[in-house]
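Let's walk through this chain together, beginning at one residue and working outwards. Keep the viewer open as you read.

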Amino acid sequence: MSARVIRRIERPAPELVKAAASYGVATLHEAAQRRGLMVDIHPVVPGLHACGPAVTSLNHPGDNLMLHAAVEVCEPGDVLVVATMSRSTDGMFGELLATQCRAQGIAGVILDAGARDRRDLIAMKYPVWSRAISAAGTVKATPGWVNVPVVCGGATVTPGDLVVADDDGVTVIPRAEVAAVVEAAKLREEKEARNRVRLEAGELSLDVNNLRPLLERLGVTYES
């Protein structure tokens, strides 16, 4: 496929994005039947949360040209997902790009590569998740793609999928499944709230979660 920038993508309904943003990554990942979690992608700035439709950027290792091109087509509230053609830890994103992304209203950046200027990013409190922290610079020389399906942290991301990130990591929800996952997350949190009351009252999780019959079926015995 020739290098290209696809300007227009379909996004989840804004009300679904807002609803999903009220849940954490762990809850949404469980609600999505434990699918979509990115591997080895960690927060650069702790304590932040991002949720929005994915705009994707596929770059050659050590080259962030298409990352710059992707910023132009992002809409406010989007999450920019940056992937490379092969494994890379080069510092593709730093303080100047974060300044630009914030000015454009981009909700966060996910990098299957490195970030740098960590002290500045922490001071800015700009939401960034990456595979590595590296001072290694990048060139801007090789054409690539914007808004094509990519693999980031082992998870497939199609433009317009919902990306949610917090201190637990990053998960991606296919656009067509967002409504169902949000509903499942709601039910999960309601159940956890009921269980929390019982745990606070002193009950054991073995009983709250009805795990004793499972232990018995698995042949676990107790000895004094």
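Start with Asn195, which counts as buried at 15% relative accessibility, since the cut-off for that label is under 20%. You'll find Asn195 in helix α6. Leaving aside its neighbours within four places in sequence, Asn195 is in contact with Val208 and Asn209. Bear in mind, here and throughout, that you're looking at a predicted model.

Just along from those contacts is Asn210, found in the loop between α7 (205–208) and α8 (212–217). Asn210 is exposed, with a relative accessible area of 53%. Check its backbone too: phi of Asn210 is near 55 degrees, a positive value in a residue other than glycine. Lys125 is another residue to check for this, as its phi is also near 55 degrees, again positive without the residue being a glycine. Lys125 is found in the loop between α5 and β7, and it is exposed, at a relative accessible area of 58%.

Now zoom out for the whole chain. There are eight helices and twelve strands, and the C-alpha atoms fill a box of roughly 70 × 40 × 35 Å along the principal axes. Of the 224 residues, 44% count as buried. If you take the contacts between residues at least 6 apart in sequence, 74% of them join residues at least 24 apart. On the outside, the accessible surface comes to about 11600 Å², and carbon and sulfur atoms account for 53% of that.

What sits inside? The largest nonpolar core has 28 residues, and Leu67, Leu80, Phe93, Leu111 and Tyr126 touch the most other members. The elements giving two or more residues to this core are α3 (65–73), β4 (79–84), β5 (91–93), α4 (95–103), β6 (108–115) and α5 (118–124). Of these, α3 gives the most, with five residues. For a feel of how this part is put together, click on Leu67: leaving aside neighbours within four places in sequence, Leu67 is in contact with Ser57, Asn59, Leu80, Val82, Met92, Phe93, Leu97 and Leu111. There's also a second, separate core of 20 residues, which includes Leu58, Val79, Trp129 and Ala165.

On to the charges. The chain carries 24 positive and 27 negative side chains, and the centres of the two sets lie 2 Å apart. Side chains of opposite charge can pair when their charged atoms come close. How many salt bridges does the structure hold? The count is eleven, and a few of them deserve a visit.

Go to Arg35 and Glu177, which form a salt bridge with their closest N and O atoms 3.0 Å apart. Arg35 lies in the loop between α2 (25–31) and β2 (42–43), and Glu177 in the loop between β12 (169–173) and α6 (178–200), so this pair ties together parts that are 142 residues apart in sequence. Are these two buried, exposed or partly exposed? Arg35 is partly exposed, with a relative accessible area of 40%, and Glu177 also counts as partly exposed, at 27%.

Next, take Asp112 and Arg131, a salt bridge whose closest N and O atoms are 2.5 Å apart. This pair also links distant parts of the chain: Asp112 is in strand β6 and Arg131 in strand β7 (residues 128–133), 19 residues apart. Here both partners come out as buried because the label applies under 20% relative accessible area: Asp112 is at 11% and Arg131 is at 19%.

A third pair takes you back towards the helix where we began. Glu203 forms a salt bridge with Arg198, the closest N and O atoms being 2.9 Å apart. Glu203 counts as partly exposed at 35% relative accessibility, and Arg198 is partly exposed too, with a relative accessible area of 32%.

Last stop: look for Arg11, Glu75 and Asp78. Here it isn't a lone pair, as these three residues are linked in a network of salt bridges.

Technical notes:
Residues numbered from 1 in each chain as written. Predicted model: local features only at pLDDT ≥ 70, side-chain atom pairs only at ≥ 80, totals over all residues. Heavy atoms only, no water. Helix = DSSP H or I, 4+ residues; strand = E, 2+ residues; numbered from the N terminus. Buried < 20%, exposed > 50% of the residue type's maximum accessible area, 1.4 Å probe, protein only. Contact = heavy atoms within 4.5 Å. Areas by Shrake-Rupley, 256 points an atom, 1.4 Å probe, with all protein chains shown as cover. Lys, Arg positive; Asp, Glu negative; His and termini not counted. Charge placed at Lys NZ, Arg CZ, Asp CG, Glu CD. Core = buried A, V, L, I, M, F, W, Y, C linked by side-chain atoms within 4.5 Å. Salt bridge = Lys/Arg side-chain N within 4 Å of Asp/Glu carboxyl O.
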